[in-house]
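Biologist: Could you walk me through this one before I set anything up with it? I would like to know what I can lean on and what I should leave alone.

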Amino acid sequence: MPGAARPRAAAQGFGVIEATGTTISTGTAEAALCDSGWQEVTVDDCGTPLDVGRTRRLFNRMQREALAVRDGGCMWPECQQAPAFTEAHHIEHWKRDRGRTDLDNGILLCRFHHLLLHNNHWAVRRETDGRFWLTPPSTIDPDRVAIPLESKNLLTRARQRRRGAEAGARTGAIVDTNAGDIPSLMRATRFAGSPG
Ligand SMILES: [Zn+2]
Ligand SMILES: [Zn+2]
């Protein structure tokens, strides 16, 4: 969340934007914490700091570029927001699930859908074949039927579909994750996009 005030952790069911004093929902605070650096400060009943915890590890610039190539923008169904307008969401939440800041634990979502996910308890799941699924909350779909998420990058999409077809042909074969494909995809994108 560049340029925005850092919200305090929302242990009591709400968060506060320090700069303005505005109260925000736990989901909004979690979305902000998911995409920006933070430092946990534990306080006693009087508000006196007991310890100052670790600074959280962010998705770095190279990871974001790789995610931009892989996801091609916001991964929410039908959303057309470009990578520049997305944030990196930890699929296994950094704090709640002790999620890692690894590419296979990250997914790009625009601000709107990132907030929607946290506020309304949607869940993203990544299968071992590298495909992502979005599970709605029971308030939206009582059966919680997972929705497949497709990359908005046509190149990535073609590769994933080809790999899916190959995997289908080799019954029982173990499918590689896409980690090895990202550097070549990035190179391809850079060549395509570089002037001259
Ligand atoms: Zn998130
Ligand atoms: Zn979106």
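Modeller: What follows goes through confidence, the overall layout, the sheet, the helices and the cores in turn.

Biologist: Okay, what is the average pLDDT of the chain?

Modeller: This is a predicted model, and the chain averages a pLDDT of 73, with 64% of the residues scoring at least 70.

Biologist: And where does pLDDT stay under 50?

Modeller: Over residues 1-11 pLDDT stays under 50, and the model has 23 contacts beyond four places in sequence for that stretch. The other stretch to mention is residues 171-196, where pLDDT also stays under 50 and the model has 25 contacts beyond four places in sequence. Where pLDDT is low, the predicted coordinates should not be read in detail.

Biologist: Fair enough. How many helices and strands does the chain have?

Modeller: The secondary structure comes to five helices and nine strands, and along the sequence these follow the pattern β-β-α-β-β-α-β-β-α-β-β-β-α-α. Of the 196 residues in the chain, 23% are buried. If you take the contacts between residues at least 6 apart in sequence, 49% of them join residues at least 24 apart.

Biologist: Let's do the sheet. What is the strand order?

Modeller: The order is 7-8-9, in an open sheet of three strands with antiparallel pairing. Strands 7 and 9 are at the edges with a single partner strand each, so one side of each has no neighbour in the sheet. From one strand to the next, the twist averages 30 degrees.

Biologist: How many bridges join strand 7 to strand 8?

Modeller: Four bridges join strand 7, residues 123-126, to strand 8, residues 132-135. Arg125 stands opposite Trp133 in strand 8, and Arg126 has Phe132 as its bridge partner. On the other side of the pairing scheme, three bridges join strand 8 to strand 9, residues 147-149, and there Phe132 has Leu149 as its bridge partner.

Biologist: What about the hairpin, which residue takes a positive phi there?

Modeller: That is Gly130, with a positive phi near 90 degrees, in the hairpin of strand 7 and strand 8, which has five residues between the strands. Positive phi values also turn up just after two of the helices: Gly72 takes about 70 degrees just after helix 2, and His121 takes about 65 degrees just after helix 3.

Biologist: Since you bring up helix 3, which of its residues are buried?

Modeller: In helix 3, residues 111-120, the buried ones are His113, His114, Leu117 and His118. They are on the same side of the helix, because the arc they cover around the axis is only 135 degrees. Those buried residues pack against helix 1, strand 5 and strand 6.

Biologist: Is helix 1 mostly covered or mostly open, then?

Modeller: Helix 1 is mostly covered, as eight of its 10 residues are buried. The buried set is Thr28, Ala29, Glu30, Ala31, Ala32, Leu33, Cys34 and Asp35.

Biologist: And helix 2, which residues are buried there?

Modeller: In helix 2, residues 61-71, Ala66, Leu67, Ala68, Val69, Arg70 and Asp71 are buried. Gln63 is also found in helix 2, but with 16 C-beta neighbours inside 10 Å it counts as partly exposed.

Biologist: What is Gln63 in contact with, apart from its sequence neighbours?

Modeller: Leaving aside neighbours within four places in sequence, Gln63 is in contact with Leu103 and Gly106. Gln63 and Leu103 are 40 residues apart along the chain, and their C-alpha atoms are separated by 6.5 Å.

Biologist: Last topic, the nonpolar cores. Which residues have the most contacts inside the largest one?

Modeller: The largest nonpolar core has 16 residues, and those with the most contacts inside it are Leu67, Cys74, Met75, Ile107, Leu108 and Leu109. Helix 2 and strand 6 each supply at least two residues of this core. A second, separate core of six residues includes Ala31, Ala32, Leu33 and Trp94. In soluble globular proteins, nonpolar side chains tend to be buried together.

Biologist: What does Leu67 touch?

Modeller: Not counting residues up to four places away in sequence, Leu67 touches Phe59, Ala88, Leu103, Gly106 and Leu108.

Technical notes. Residues numbered from 1 in each chain as written. Chains lettered and ligands numbered in written order. Predicted model: local features only at pLDDT ≥ 70, side-chain atom pairs only at ≥ 80, totals over all residues. Buried ≥ 20, exposed ≤ 12 C-beta atoms within 10 Å, placed from the backbone. Contact = placed C-beta atoms within 7 Å. Pairing = 2+ DSSP bridges. Axes fitted to C-alpha atoms, helices over the stretch in contact; angles between N-to-C directions. Arc of directions from axis to C-beta. pLDDT = per-residue confidence, 0-100. Core = buried A, V, L, I, M, F, W, Y, C linked by C-beta atoms within 7 Å.
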